[in-house]
Amino acid sequence: MKKQIFQSIRIILIAVVLLFETVLVNAQSTNASRLTQVIKGRVLDQQTKVGLIGANVMICGTAMGAATDMDGYFRIPKVPVGRYDIKVMYIGYKSRIIPEILVGSAKEIVQIIELEENIIQGETIVVTPIIEKNKPINSMTTVSARSFSVEETRRYAGGFDDPARLASSFAGVTYGNAQDNAIIIRGNAPKGLLWRLEGIEIPNPNHFPDGNVIGGGLFTTFSNQVLANSDFLTGAFPAEYGNALSGVFDMKMRNGNSEVREWTFQVGAMGIDFATEGPFTKNSNASYLVNYRYSTIGLLTDLKIIDTDQKLKYQDLSFKLNFPTKSAGTFSLWGIGSIDHINEIENTDSTKWEAEWDRLKYNAEFMVGAFGLNHKYVSGNSTFINSTVAATAKDMIYVQDRLDDNLMLRKNEFAKSFNGRIIVTSVLNHKFSPRLSNKTGIVWNYLFYDMKLQSTIDDDPETFQIFVEKNGKSQLLQAFTQTQFNVTNNLKLNAGVRFEYFGLNKNYSIEPRIGFNWNFLPRHIISFGYGKHSQLEDIRYYLAKRKTAIGYETPNRNLKFTRADHFILGYDFQITEYTRLKIEPYYQYLYDVPVRKNNQFSFINLKDELYLNDQLVNEGTGTNIGIDITLEKFLSENYYYLITASIFDSKYKGGDGIERNSRYNRNYVVNALFGKEFYLKNKNILGINGRFTYMGGERISPILYDASIAEKRVIYDESRAFEESLNDSKYLDITVTYRINNQNVAHIFALQVKNMLGSPNDYGYIYNYKEKNLQRNKMVVVLPSISYKIEF
């Protein structure tokens, strides 16, 4: 795959250079004084989503601004291209400053801005955050959360236009390697993360999902052409979030421009994108937004430009159709979908075998999709109802054959797995007064599945057997209520409870949540959050079967929810107008974790174990304790930085009751990111960003050397599980972008390199067939991506 990427980049680079030369010549003739754009949008009440009439919207440092109309809409024309902060003020509400808005020459800027009502009119507000960058969109979140912008996924080095890879810059987050975007939050397994889109739980939305790590993939199916600002939560989240142990990615899609048709085309090493948006008709507020992407490597392979034994293809589609009405609310139709394919043939010359994968032949196909119809309705001035009917699906077919010692292909793995859901949800928001508001919702999930999983044990073809063979249906019922009480303008309390019921085995969970946020001094905030959380395991583990003397049994059908208590304390200090320090100590206690009786195995360490039919019991526990530190300077004076550090300890007890390090106990991670923007002729922008990451190694078990040599495979001493650790990881990522603003068109060139120094990824040990011994499995993976994008 590495060779394919470099071949793709070479071809793309030649095309990009030719485009760059042509565009740069044309750019010189453009008069910068004529390059302007429109900033428009709407100002809403944070709780009720009612438009606020007469709010003042001003562009900081200029004389430009506008007042909102009777429905809360505003429009500021003829804004010169560049970067701006926007300040919004309204009588009786707290003012807000929205920072780092990039105004280009090709696309109008649309902002939806929500304001929080003052509790006691005339009372002194101890703290009004000067810059509200990264403030969670969800107003009931008090700790361990931040919003992120689509633009940051490219501007921040290592982001690779991927929200999951961007998250690895944040405090408390580690990741496995450069090839996978699995998110490890505060020592939890990647499977503990919940993905939501437009308020709906969706399957793992990655290309090649769960291919290397359960919960990870190559990169997400989300295109940054369609995403709006979204939330990332890492613990003690409010009651509206459930079925998660470690964190939540709450993704939002923006609406298409309802007045002007706009297009985007992008070509790069990671894919070819085309996006379009605009109004359905000139006199309608209804809009569409569509993006399609196809893998560059797949296209070049199809055209025979790349000749390789490994075939890798992927494509995805994202869309949102928005239909406002005069009196019946707003309807929207949205969806995402991806199709992936990868295969590789075996090496039939055994003298050339070096590692196990040389004797494997495999073919894999993945499909992930989510589709929803949403209705938003504002009733009066105090009630907002948000309802959705949606369907999600995840399908995988994986076939792996292995050459035996006689060079005969034998079945080794077979997985045909389909999971689907039909989801009906409705959430009622009601503001009783400026002090008191409530959000209550119910979610009904109709689950259906069709699975057949077969595998050998330790690659012995004589042990090829069925682990799961079942189709059927079940239900998951979820409900929550959460209340926000503002004691004063400076003290906010949140409390809620969540209920979950799993119809397959009639297990349920009741989960209280509570938190507060106190602006106790100017520029100083203390916050606290507690939450009881639970998560279902993948349905395959409940359906696993094994043979007995009288037939087959399903030993794990009655597994309970895995549960966790989160305790988080936060301190936020706004050092200067554009700089903040945030410190969060935390403690997490996990219990009812599935484990094997009298064995070290625990789902806390789950990584790629798809085939399990041993009897499991909910007797495992675990703890994650640590502190996250963030020092951040927002973009001002054309530069910014983000420094994060996390120190943590992750322990677990398996079915044998012995406390050990967990697989994901890396102990520490430090990120240092710095970026600078240079404004060149005609308001063109050159951006340079670098990020250095240093983190401890993943834990592994010691190897049994003699047994491994005898069996020609790596055998670990599981009685000493995770006593050793792999080498520390050191990565340097860079991003260089150049935006050329012309009249009604913009050209963006980008170079992104992950692991620029070529630091090796440490994967543990492999058996080397040539050397007939064990060796460390270290691979140098450098991921470069060159891209060109045009907006018009």
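Student: Are Phe219 and Tyr314 buried or exposed?
Tutor: Go by relative accessible area: under 20% is buried, over 50% is exposed, and in between is partly exposed (1.4 Å probe, protein chains only). On that scale, both Phe219 and Tyr314 are buried.

Student: What pLDDT do local features need in this model?
Tutor: Residues are numbered from 1 along each chain as its sequence is written, and side-chain values use heavy atoms, with hydrogens and water left out. This is a predicted model, where totals for chains, interfaces and linings use all residues, side-chain atom pairs count only at pLDDT 80 or more, and local features need pLDDT of at least 70.

Student: What is the angle between the planes of Phe219 and Tyr314?
Tutor: Rings of Phe, Tyr and Trp (its six-membered ring) pair if their centres lie within 6.5 Å; planes under 30 degrees apart are stacked, over 60 edge-to-face, and the rest tilted. Phe219 and Tyr314 sit 5.2 Å apart, centre to centre. Their pair is edge-to-face, with an angle of 80 degrees.

Student: How many residues apart in sequence are the parts that this pair ties together?
Tutor: Helices (H or I, at least four residues) and strands (E, at least two) are DSSP runs, numbered from the N terminus. Tyr314 is in strand β18, while Phe219 is in the loop between β12 (200-201) and β13 (230-233), so the ring pair joins parts whose separation in sequence is 95 residues.

Student: Which residue forms a salt bridge with Arg83?
Tutor: A salt bridge needs a side-chain nitrogen of Lys or Arg within 4 Å of a carboxyl oxygen of Asp or Glu. For Arg83, the closest N and O atoms are 2.7 Å apart. That pair links strand β5 (residues 82-89) with strand β35 (residues 668-680), 594 residues along. The partner is Glu677.

Student: Arg186 has a salt bridge with Glu584, but which other residue forms one with Arg186?
Tutor: With Glu584 the N to O distance is 2.8 Å, and this pair ties the loop between β10 (184-185) and β11 (193-197) to strand β31. The other bridge, with a closest N to O distance of 2.9 Å, reaches strand β32 (residues 616-636), 442 residues apart from Arg186. The residue there is Asp628.

Student: Which residues touch the most other members of the largest nonpolar core?
Tutor: A nonpolar core is a set of buried Ala, Val, Leu, Ile, Met, Phe, Trp, Tyr and Cys residues joined through side-chain atoms within 4.5 Å. This one has 45 residues, and the elements giving it two or more include β18, α5 (539-543) and β31 (579-596). The members with the most such neighbours are Phe502, Ile539 and Phe603.

Student: How many residues does the second, separate core have?
Tutor: Its members include Ile183, Val226, Met253 and Ile423. The count for this core is 33.

Student: What is the relative accessible area of Phe792?
Tutor: Phe792 is in the segment after β43 (783-791). Leaving aside neighbours within four places in sequence, its contacts (heavy atoms within 4.5 Å) are Ala106, Glu262, Trp263, Asn744 and Val745. Phe792 counts as partly exposed because its relative accessible area is 37%.
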